[in-house]
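Got the viewer open? Keep the selection box handy, and we'll hop from one stop to the next.

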Amino acid sequence: MHRALLLPDIFLSILDYVVVLPVDGFYLGYNTIVYHGNPSVARLARTCRAFLEPCLDALWRHQYTLAPLVKTLPEDAIKETVHKATWKSGNHRFFKLSITRPLARIDWLRFDYYASRVRSLGYLDVEYADLEGISWAHPGLTHREREVLPELVALLCLYRGSRWILPNLVNLRWNVYDVHYTDHLPMFLGPHMQTLAVALEARENPHKSNERGAIALRQITQYCQVLADLCPHLRELEMYPKYASDVVMAAQHFATRCRRLEGFHVDTCRHVAHDQDSLISLATKPHLRKVFLWVDAESAEYIPLLSSAPVLHPFPSLQILYLQGTRLGFCTPLFDAMEHCRLFSLTVEVHLQPLAADVTDFFEALRKHCAKYTLHVLRVVQRCLDMLTTEDDEWPPTKSAHWIDIELLSILFYFSNMRTFHFTLPLFPWLTDDDLRLIGDAWPGLVAFSFIDCWGAPIVMPATWEGVAGLLKRCPMLCGISLVFDTTRNLDAVYAPDVRPHSRLRVFDMINSVLPDDPAVIARALIELAPRVLRVGAKGPLNWDVDPDSFIPFDSVAYCAQVYKISCQLRAERFGDEYRLDERGKTEIDSAVDSVPSEWNPWG
């Protein structure tokens, strides 16, 4: 063994790299949200005693649930039962743990040995910075095979001989899976706690009472009121998605008391926006790097006051900003008040339809006041069509006031390190093949590119396969693309000799693109261009002049299913055992059925 590996700093640096290094697999890569680390770390732990302790620390640092720790208890003290369930995606197994007898002090020895190494609970092993707010804000993305039941947590707290379950816990995420044992939350708020993230509100069901959730919210309110005393080292508080006013006020009370506040993401858009005092209190926090702000017409009037005494330089350490406003024009003055910022991630969500002029002003302010090399993530979205509630809002938009083209997007080319660009506004988009190539030249490090993905385009943009191929060629790290283009033109560009298969792309969403009648055309093009695509999306072209009751609508689900099945067959032919022996590849091959594209009914 090389003597350099005996130096802790060198070995820990190598170990940090090994943890995030994807293992061999046909589909594994950067975009894998559900990624549970590299099993090579466990092998290193068994290599020699010098590697044991640091490798065990790395293996236990992030835990998604308490289940692995519970299984360290004596075998005769726990029982595990297997339950099977069938979903659309296939058969799944679930394991339920239970404690069968009282636990003595000696039963906790092995539990304590590993519990002291846990630093994060509710976190995946690997979570990338530019995916923050995605991998955990939707807990349904990662179902728990080994669910920890409330009775189990109650018994752990009862038999536990110490004050805390995890004595060295630093980061805690408490989501909808944990709602039933929120009364035991103080057992997890240890002396080293620095980050608390709460997401208790599940999808509302009008036919089902959520009494347990209401009780949990009242408990969270009580905890927030004394949170500064329970966790004196707490630096970040996050709450998803939206909460009642008493919860928000309790969270704001904590933010006011916390002197070294580094993160405060609490959605206040259900209530009044930040008043001047609360906004100034946040703006003057010297260590605040992440914040959620809600801006309406009233608060937009006093935002310019942040650049005057006693604030002068608001949000000096801000890196991650979640900004919501009724209109995009209300968000622009904030950057003028900040004068200079070093944002890493910016998410802007507006409730009413903006004009192209509003987007231009916002992009110009961002380029003027934000550092060139720091901005990696930009999301500008308007979620739902039912938000178009005023007389000024138009859908489909008019060309004169809602035209978005490369001239407007080129304002953002100033930020050369862009990795995630998500632009979803009800506007009139227009991109050509040359425009897509310009985007690839300006942002070669793109990981995700989405342009008008939820709304769809009211016209057919002139972009074709040639532009898509040019974008993928210039962005080798791209793993997700959502774009409207004409899929029936320039197919020869996909089969050109200089086109190399893109190995990272996993999501290919054509939204409202013009589609060929034969889904095999899309499948063959993707096999040549990006053979490892996991998900293909398409809704079919929009038609605003036809009465939807007068014809049979296009079945996008059936179309995409056919593309998926044909792609599986083509992958098996091209990659052979590399694909057939892959765990997911086997599942896809089993689910794929013979398809004859010429006989497929395009109307579903």
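Which kind of contact do the side chains of Glu238 and Lys290 meet in? Select the two and you'll find a salt bridge, with N to O at 2.3 Å. Bear in mind as you go that this is a predicted model.

Now colour the strands around that pair. Glu238 belongs to strand β8 (residues 236-239) and Lys290 to strand β10 (residues 290-295), so the bridge links distant parts of the chain, 52 residues apart. Switch on a surface: Glu238 and Lys290 are both buried.

Next, add Glu236 and Arg289 to the selection. Together with Glu238 and Lys290 they make up one network, joined by salt bridges that share partners. If you want the full set on screen, the structure holds 18 salt bridges. The general idea behind such pairs is simple: side chains of opposite charge can pair when their charged atoms come close.

Move on to helix α16, residues 433-442. Is this helix mostly covered or mostly open? It's mostly covered, with seven of its ten residues buried. Pick out Asp433, Asp435, Leu436, Arg437, Ile439, Gly440 and Ala442 to see the buried ones. To see what they pack against, show α15 (406-409), β17 (448-451) and α17 (465-474).

Stay here and zoom in on Arg437. Its salt-bridge partner is Glu466, and the closest N and O atoms of the two are 3.4 Å apart. Because Glu466 sits in helix α17 and Arg437 in helix α16, the pair ties together parts that are 29 residues apart in sequence. Buried or partly exposed: which is each partner? Arg437 has a relative accessible area of 18%, so it counts as buried, the cut-off being under 20%. Glu466, with 32%, is partly exposed.

For the last stop, select Arg574 and Glu528. Their side chains meet in a salt bridge too, at 2.8 Å from N to O. Where does each one sit? Arg574 is in helix α19 (residues 556-575) and Glu528 is in helix α18 (residues 519-529), making this a link between distant parts of the chain, 46 residues apart. Put the surface back on for this pair: Arg574 is partly exposed, with a relative accessible area of 39%. Glu528 is partly exposed as well, with a value of 24%.

Terms used:
Residues are numbered from 1 along each chain as its sequence is written. This is a predicted model: local features need pLDDT of at least 70, side-chain atom pairs count only at pLDDT 80 or more; totals for chains, interfaces and linings use all residues. Side-chain values use heavy atoms; hydrogens and water are left out. Buried means under 20% relative accessible area, exposed over 50%, partly exposed in between (1.4 Å probe, protein chains only). Helices (H or I, at least four residues) and strands (E, at least two) are DSSP runs, numbered from the N terminus. Contact means heavy atoms within 4.5 Å. A salt bridge is a side-chain nitrogen of Lys or Arg within 4 Å of a carboxyl oxygen of Asp or Glu.
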